[in-house]
Amino acid sequence: MTELIDDLSKESEEAVFKRIELRWHGLQKLRNLLGDVSLDYEPLGGYEVFSTSDTAAFEIGVAKMEYFNRMLKPLTGTSNTYSNADEKINEFGFNNVNHMVLNQCEGQINTGKMMEALVNLAHKTGVKIINGLSISAVHNSEKNTLINCEDGFSFKSKRTLIANNGFAAALLPEIAVVPARAQVLITEPIPNLKIKGSFHFEKGYYYFRNVGNRVLLGGGRNLDFKGETTAEFGTTTIIQNKLEALLNEMILPDAKYTIEMRWSGIMGVGESKSTIVRQVEGNLYCAVRMGGMGVAIGSLIGEMGAKMILESL
Ligand SMILES: Cc1cc2nc3c(=O)[nH]c(=O)nc-3n(C[C@H](O)[C@H](O)[C@H](O)COP(=O)(O)OP(=O)(O)OC[C@H]3O[C@@H](n4cnc5c(N)ncnc54)[C@H](O)[C@@H]3O)c2cc1C
């Protein structure tokens, strides 16, 4: 909710609720396309977590809860998309958490399984996927596009849709998208883990969830926006230390755990949170800048990009 309140301070109500609609319909499309079993979809809800220093943000959120629930009812079909969930704080075993707000419409999926199902579906449909080619440039010409690869290989295509999100800045410097790295860690399995569901705090800058009986935690880009504006994968001490401190002090204060893996991913962001789906020039098109929401909206944005190309033929 605090992320939406932040968005409303920068954008019109129409733009903010249109994006929520896009996320909602995008997720429905993804679930209908692949099926909940293939996605390991679990409707466990999403919680916004407020620490002792976030009381002011919580009070602003509570004052807006009725407004959000009213605005979202036509979309979600429930009067209580958001509700107070303070009674669950002890159940999850958190420390230094004063309040929680539940979004009952949020769920979680296994994105590895999602990619596997998407690739299988593409193969079945006759889509060719060519791996191992790093594209260095795409040039528009009168009748087609010329795609140059890093190893010197090149090929032509009637139309090209660039859909590499945060990496698009290198191919399309004229498009207002920049890479935003997000660092993540995951613990080894923890016996009797109390946490179930997805959790956010600090306007969505931090996110954690259970993955079976492990905890996955990511975020902290706001600690070093400049350093994390990169398309290079990697982790940094400042952010990983903060993630570990959060595990120790807030998320798993009483549990013994070890961290199994740390990694990063690249998102595509810009001044605005809206996506860019448009013709760049002649036969060259793009569908980029998912704003960290590409799992939710990617199916719809991909379809928009494909329709744009089909209509141009
Ligand atoms: C840690 C993390 C957590 C996230 N959590 C969520 C979430 O909870 N919900 C949500 O909706 N979204 C989430 N996102 C965002 C979501 O993952 C992205 O928006 C989504 O992956 C974008 O999909 P995409 O296919 O457009 O781009 P990508 O998934 O980035 O895929 C781009 C592909 O293009 C390839 N590529 C790039 N450049 C080139 C080149 N020059 N030549 C050849 N290939 C190239 C890359 O290798 C990659 O395979 C998260 C992202 C991160 C990093």
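Helices here are DSSP runs of H or I with at least four residues, numbered from the N terminus. With that in hand, G35 sits just after helix α2 and takes a positive phi of about 90°. Keep in mind that this is a predicted model.

**Exercise 1. Work out which residues of α2 are buried, and what they pack against.**

Solution. Start with the helix itself: α2 has 22 residues and reaches 32 Å from its first C-alpha to its last, close to the 32 Å expected at 1.5 Å a residue. Next, apply the burial cut-off, which is under 20% relative accessible area. That picks out V16, F17, R19, I20, G26, L30 and L34 as the buried residues of α2. Finally, look for their neighbours: these buried residues pack against α1 (2-10), α3, α4 (55-76), α6 and α9.

**Exercise 2. Take helix α6 and find out how its buried residues are arranged around the axis.**

Solution. First, the dimensions: α6 covers residues 111-125, and its 15 residues reach 21 Å from first C-alpha to last, close to the 21 Å expected at 1.5 Å a residue. Now list what is buried: M114, A117 and A122. Looking down the axis of α6, you'll see these buried residues fall within an arc of 135°, so they line one face of the helix. A bit of background helps: an α-helix has 3.6 residues a turn, so residues three or four places apart point the same way.

Then flip to the other side. The face of α6 turned away from its buried side carries the exposed residues E116 and K124. As for the cover over the buried residues of α6, it includes α2 (13-34), α3 (36-39) and α9 (294-312).

Last, check the ends. At the N-terminal end, N110 acts as the cap, with a side-chain oxygen 2.9 Å from the backbone nitrogen of G112. Just after α6 comes G126, whose phi is positive at about 95°.

**Exercise 3. Decide whether the faces of strand β9 are covered or open, then trace its partners.**

Solution. Strand β9 spans residues 198-201, and both of its faces are covered. On one side S198 and H200 are buried, and on the other F199 and F201 are buried too. The general rule behind this split is that in a regular strand the side chains alternate between the two faces of the sheet.

Now the pairing. Strand β1 (residues 46-51) runs parallel to β9 over three bridges, and Y47 has F199 in β9 as its bridge partner. With strand β10 (residues 206-211), β9 pairs in the antiparallel sense over four bridges; here S198 is matched with R209 in β10. β9 and β10 make a hairpin with four residues between them, and E202 in the turn has a positive phi of about 50°.

**Exercise 4. Lay out the sheet that contains β7, then place T160 in it.**

Solution. The open sheet has three strands in the order β7-β14-β13, with mixed pairing. Its edge strands are β7 (160-162) and β13 (276-281), each pairing on one side only. The twist averages 25° from one strand to the next. Packed on this sheet is α9, which touches β7, β13 and β14, and its direction makes about 35° with that of β13.

Zoom in on β7: three bridges join it to the parallel strand β14 (residues 284-288). T160 lies in β7 and stands opposite L284 in β14. At a relative accessible area of 10%, T160 is buried. Its side chain makes a polar contact of 2.6 Å with the side chain of T145. Other residues touched by T160 include V138, I147 and I309.

Terms used. Residues are numbered from 1 along each chain as its sequence is written. This is a predicted model: local features need pLDDT of at least 70, side-chain atom pairs count only at pLDDT 80 or more; totals for chains, interfaces and linings use all residues. Side-chain values use heavy atoms; hydrogens and water are left out. Helices (H or I, at least four residues) and strands (E, at least two) are DSSP runs, numbered from the N terminus. The expected span of a helix is 1.5 Å times one less than its number of residues. Buried means under 20% relative accessible area, exposed over 50%, partly exposed in between (1.4 Å probe, protein chains only). The arc is that of the directions from the helix axis to the C-beta atoms. Contact means heavy atoms within 4.5 Å. A polar contact is a pair of N or O atoms within 3.5 Å; within protein, one must be able to donate a hydrogen and the other to accept it, and residues adjacent in sequence count only if both atoms are side-chain atoms. Two strands pair if DSSP finds at least two bridges between them. Axes are lines fitted to C-alpha atoms, for helices over the stretch in contact, and angles run from 0 to 180 degrees between N-to-C directions.
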